[in-house]
Amino acid sequence: MPDTARRLLYLRVAIAAGAILGMTLSYKLWLSARDYPLTPLFRFLKPLPHPFDYILFGATLLALAGSALTPRLIPMFAAFSLILAVCDQSRLQPWFYQYCFLLLGVAFAAPNACRLIVAGIYFWSGVQKLNAGFIYTGFPWLLEPFLRHLPPGAQALAHPLSVVAPFVELWIGIALLSRKFRTPAIVLALLMHAFILISLGPWGQNYNRVVWPWNIAMAAAVVILFWKTNEPVKRVLFGDGPFHAAALLLFGVAPAFSLFGYWDHYLSSAMYASNENHGTIYISDKIFDRLPGGIADYVRVETPEIDSIDIGEWSANEMNVPPYPEVRIYKNVARKICDYAETPSDVRLSIVSKSTIGNTISGTSYSCATLNSH
């Protein structure tokens with residue numbers, strides 16, 4: 001078997017396996033029967049009724065399994081994935097978005113487009129982490145499982161390592177394109193994924209299990225696509241054909257617009273960047289008894305008169321994935337709570353917006369009257 005064909009075979013098996021595990025671990029995300037609201041791409045779309053939601057989910061998993069055996073089934077998986085994403089934008093999790101395009105790269109027999117996607121993921125993931133939230137909160141939290149086993153003096157390492165970490169990740173993305181530095185970049189990428197797995201795994205924070213298989217799949221993809229290859233930078237960056245052009249646009253260029261707030265956070269490889277929109281819904285105590293049990297479970301008591309629902313906790317606890325952190329998604333989630341309000345003032349959505357170039361972190365509030373007028 002030629003080298004390129006062998007690499008594409010290994011890649012589609014690794015990506016299909018990772019996608020099946022990720023979707024299985026977050027199965028409620030892909031169903032309509034859940035309390036966390038679906039946010040369709042078009043507001044007139046209604047949730048897929050039972051049992052058709054289960055049928056579509058099962059068909060997608062079967063298409064994924066079949067894609068591991070033959071690339072001919074990848075277009076079927078892509079079609080099912082498009083339907084799932086149109087029915088609920090929350091399903092565009094970073095790992096799912098990346099899996100879809102890597103498998104499409106296999107279907108188009110475009111290994112250099114896949115290399116570009118992987119390099120772009122590392123580069124923009126590093127760029128997204130160049131913020132105070134990651135340096136002072138995000139990375140120290142990832143380091144904590146390691147530092148707690150070291151002498152107290154080792155805590156001083158947290159800050160310098162937090163400053164260096166984003167540059168290491170973005171350097172991996174650049175170095176993977178270079179034949180001279182490709183091998184050390186592969187080694188660093190593998191070490192980084194091992195670090196993340198230990199930090200987030202059962203030996204560490206035991207958090208967000210859905211990204212555990214993604215880290216393994218990404219580590220496998222780096223080795224499969226880059227180990228002992230001599231592809232020059234120009235061929236990886238520009239390649240040829242419409243799919244390569246699409247990969248360059250979506251994974252090389254478009255993420256830059258997220259730094260200004262014009263492209264979605266999760267479509268810009270912003271994983272664990274500690275700089276995303278955060279939404280909280282405040283409700284008056286008098287409507288607590290109106291909420292279904294599945295929603296009431298996520299209510300926190302703030303004061304005797306005011307309760308709150310952290311949208312991030314709701315999404316993570318019910319669907320095993322973080323929320324899709326865009327303002328339009330939070331507004332749609334809050335509208336569902338507004339359905340239980342007696343007066344528009346009974347519900348208030350508070351959004352702390354992420355910092356972007358030209359704008360610092362800011363807060364905005366919305367009442368039910370405002371939410372329902374848009």
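In the predicted model, Val 187 is placed in helix 8, which spans residues 182–200. The side chain of Val 187 is neither fully covered nor fully open: with a relative accessible area of 44%, Val 187 is classed as partly exposed. Val 187 and Trp 227 are 40 residues apart along the chain, and their C-alpha atoms are separated by 9.9 Å.

A second valine, Val 253, belongs to helix 11 (residues 242–253). Val 253 is likewise partly exposed, at a relative accessible area of 38%. Because residues enter a patch only with over 30% relative accessible area, Val 253 meets this accessibility condition at 38%. The nonpolar surface patch to which Val 253 contributes covers about 640 Å² and also includes Leu 249, Phe 257, Phe 260, Tyr 262 and Ile 357.

Turning to charged side chains, eleven salt bridges are counted in the model. One of them joins Glu 231 and Arg 235, with the closest N and O atoms 3.0 Å apart. Glu 231 has a relative accessible area of 22% and is partly exposed; the value for Arg 235 is 46%, which also places this residue in the partly exposed class. In addition, a network of salt bridges links Asp 3, Arg 6 and Arg 7.

A further salt bridge is formed by the side chains of Asp 346 and Lys 286, at an N to O distance of 3.5 Å. Asp 346 is located in the loop between helix 15 (327–338) and strand 4 (347–353), whereas Lys 286 is located in the loop between strand 1 (278–284) and helix 13 (293–296); the pair therefore ties together parts that are 60 residues apart in sequence. Asp 346 has a relative accessibility of 3% and counts as buried, because the buried class comprises residues under 20% relative accessible area.

The side chains of Glu 342 and Arg 290 also meet in a salt bridge, with an N to O distance of 2.6 Å. This pair links distant parts of the chain, 52 residues apart, with Glu 342 in the loop between helix 15 and strand 4 and Arg 290 in the loop between strand 1 and helix 13. Glu 342 is partly exposed at a relative accessible area of 48%, and Arg 290 is partly exposed at 42%. The loop between helix 15 and strand 4 thus holds Asp 346 as well as Glu 342, while the loop between strand 1 and helix 13 holds Lys 286 and Arg 290.

How values were computed
Residues are numbered from 1 along each chain as its sequence is written. This is a predicted model: local features need pLDDT of at least 70, side-chain atom pairs count only at pLDDT 80 or more; totals for chains, interfaces and linings use all residues. Side-chain values use heavy atoms; hydrogens and water are left out. A salt bridge is a side-chain nitrogen of Lys or Arg within 4 Å of a carboxyl oxygen of Asp or Glu. Buried means under 20% relative accessible area, exposed over 50%, partly exposed in between (1.4 Å probe, protein chains only). Helices (H or I, at least four residues) and strands (E, at least two) are DSSP runs, numbered from the N terminus. Patches are made of residues with over 30% relative accessible area and no salt bridge: like charges are joined within 9 Å, nonpolar side chains (Val, Leu, Ile, Met, Phe, Trp, Tyr) within 5 Å. Accessible areas come from the Shrake-Rupley method with a 1.4 Å probe; for residues, only the protein chains shown count as cover.
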